[in-house]
Amino acid sequence: MRKLNNILVTGGAGFIGSNFIDYLFNKVSIKGKVVNVDKLTYAGNMENLEHINKKYGPSGENRYFFEKTDIVDYESLSKVFSKYDIDTVIHFAAESHVDRSIHGPKEFMETNIIGTFNLLEVVRKLWGDRKDVLFHHISTDEVYGSLDETGFFYENTPYDPRNPYSASKASADHIVNSYFHTYGLPITMSNCSNNYGPLQFPEKLIPIMINNMLEEKALPVYGDGLNIRDWLYVEDHCSGIWKIVNNGTIGETYNLGGENEWTNIDLLNHLCEIVAEKRDKEKDYYKKLITYVRDRAGHDRRYAINCDKIKSELNWKQSVTFDEGLDITVDWYLSNTSWIENIKTGEYKKWIEKNYN
Ligand code: NAD
Ligand code: TYD
């Protein structure tokens, strides 16, 4: 097992990053420091980590620190690295929503490509030839492109990104790999399928649908609803990353997935029934809100991941079934309506402006 003393997590205020920081303190009880570097875009939410800040932040155990920093800003990043003597980077920060990348790709190129490049440059300069350090890069299965009805993405599947989001992530992945081959930087990488769970911003499929059901608004299904995604519960993504950063082979990529493929329409019908049951409505109550809308441009048809490598090499496996994960997720959204309300009313944005600008 590697020694991970001072861990810098980028994008720790986002969906997976904040679940990961919670996982570090509450599930694997790390002993060292965690520094969360986040620009707090629309998707970054400090509310996600209030409980961690209270217990582990500067007025608690003094092991959790937040730095509002843009990874595109090289100078500020360098200062953070020096201040905390960072030996491990776990890089989540990204613009992450495909629809947004179609409407405005620029920020995707800046954060996902230039931001990743900056991080690599900072560590190249500060770490030199050190081998007791690690840069773990979080990527997506979307870099592999789109599948027909059969087949799976493997770690050696050629890259074939087809939208600005996946193209920007693919670029970043290549740059990270190049730093391993060219400079010998100790890196690992993971490419994961669609995540779901608590704290996901209500623009992605599952939370937007739950939110719209609660508001009795249309449930927009793109195209024919037969696109297929593989779904992994966020905590299982976190446990996979933790396995890799501790025991993964340097220079290697590991695929992570749920082995859990659903067409969007089947998933939505299922979700409608779960929410109806929890809210004492008749079984098909929310299904009447399902509305087919114009398809997403360049909509990838199917993602499906083979994750045998991490299972056999690092002994990772998913810990919850889809029904168990959905149950936890729906319960979370039903009992945290103020979390979404704060995002929608701008209360949260005002709070950030007051406290962090
Ligand atoms: P998210 O959009 O919820 O969070 C992204 C976080 O990054 C936010 O807190 C945001 O403020 C921060 N950020 C954005 N630009 C930044 C910048 N320039 N500098 C510093 N911080 C910045 O995203 P997520 O769903 O948590 O995804 C996290 C990572 O996991 C991304 O790299 C994404 O590509 C990858 N991933 C996501 C999924 C998924 O299903 N959500 C699946 C596979 C891989
Ligand atoms: P999304 O959650 O945006 O993730 P990704 O595009 O990264 O896979 O979308 C998941 C699937 O759901 C994708 O096929 C697009 C579809 N979708 C809808 O049909 N309606 C929606 O409102 C959204 C957000 C997504």
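Student: Which residues come closest to ligand 2, and how many surround it?

Tutor: Start with the cut-off: a residue is near a molecule or strand if one of its heavy atoms lies within 4 Å of it. Here 17 residues surround ligand 2, and the closest are Glu 142, Pro 220, Arg 229, Arg 296 and His 299.

Student: How should I read the model and its numbering?

Tutor: It is a predicted model: local features need pLDDT of at least 70, side-chain atom pairs count only at pLDDT 80 or more, and totals for chains, interfaces and linings use all residues. Residues are numbered from 1 along each chain as its sequence is written, chains are lettered from A and ligands numbered from 1 in the order in which they are written, and side-chain values use heavy atoms, without hydrogens or water.

Student: Which polar atoms lie beside ligand 2?

Tutor: Look for polar contacts (pairs of N or O atoms within 3.5 Å; within protein, one must be able to donate a hydrogen and the other to accept it, and residues adjacent in sequence count only if both atoms are side-chain atoms). Pro 220 places a backbone N or O atom 2.7 Å from a nitrogen atom of ligand 2. Two side chains sit by oxygen atoms of the ligand: Arg 229 has a polar atom at 2.7 Å, and Asn 264 has one at 2.9 Å. The protein covers 96% of the 510 Å² of accessible area that ligand 2 has on its own (Shrake-Rupley method, 1.4 Å probe; for residues, only the protein chains shown count as cover).

Student: Which element gives the largest share of that shell?

Tutor: Elements are DSSP runs numbered from the N terminus: helices are H or I, at least four residues, and strands are E, at least two. β8 gives the largest share, 3 residues. α7 (205-214) and β8 (219-222) each supply at least two. By type, the shell has 7 nonpolar, 5 polar and 5 charged residues. Ala, Val, Leu, Ile, Met, Phe, Trp, Tyr, Cys and Pro count as nonpolar, Asp, Glu, Lys and Arg as charged, and the others, Gly among them, as polar.

Student: What surrounds ligand 1?

Tutor: Read it the same way. Of the 29 residues around ligand 1, Ile 16, Asp 38, Ser 96, Tyr 165 and Lys 169 come nearest. A backbone N or O atom of Gly 14 lies 2.9 Å from an oxygen atom of ligand 1. A polar side-chain atom of Asp 70 is 2.8 Å from a nitrogen atom of the ligand, and a backbone N or O atom of Ile 71 is 3.0 Å from a nitrogen atom. Alone, ligand 1 exposes 840 Å², and the protein buries 97% of that. Two or more shell residues come from each of α1 (15-26), β5 (134-140), α6 (164-183) and β7 (194-196). β5 gives the most, with 3 residues. The shell divides into 12 nonpolar, 12 polar and 5 charged residues.

Student: Is Asp 300 buried or exposed?

Tutor: Buried means under 20% relative accessible area, exposed over 50%, partly exposed in between (1.4 Å probe, protein chains only). Asp 300 counts as buried because its relative accessibility is 1%. Its place is the loop between β12 (290-293) and α10 (308-314). The side chain of Asp 300 makes a polar contact with that of Tyr 303 (2.6 Å). Contact in general means heavy atoms within 4.5 Å. Beyond four places in sequence, Asp 300 is in contact with Gly 145, Ser 146, Arg 162, Asn 163, Asn 227 and Arg 229.

Student: Why is α7 described as largely enclosed?

Tutor: Count its buried residues: they are 7 of 10, so the rest of the structure largely encloses α7. They are Ile 206, Pro 207, Met 209, Ile 210, Asn 211, Asn 212 and Met 213. These pack against β7, β8, β9 (228-233), α9, α11 and α12 (337-345). Just after α7, Glu 216 takes a positive phi of about 55°.

Student: Which residues have the most contacts inside the largest nonpolar core?

Tutor: In soluble globular proteins, nonpolar side chains tend to be buried together. A nonpolar core is a set of buried Ala, Val, Leu, Ile, Met, Phe, Trp, Tyr and Cys residues joined through side-chain atoms within 4.5 Å. The largest one here has 59 residues, and Phe 20, Tyr 64, Met 213 and Trp 242 have the most contacts inside it. Helix α9 (residues 264-278) gives the most to this core, 8 residues. Apart from it lies another core of 24 residues, including Ile 86, Val 89, Leu 119 and Ile 187.
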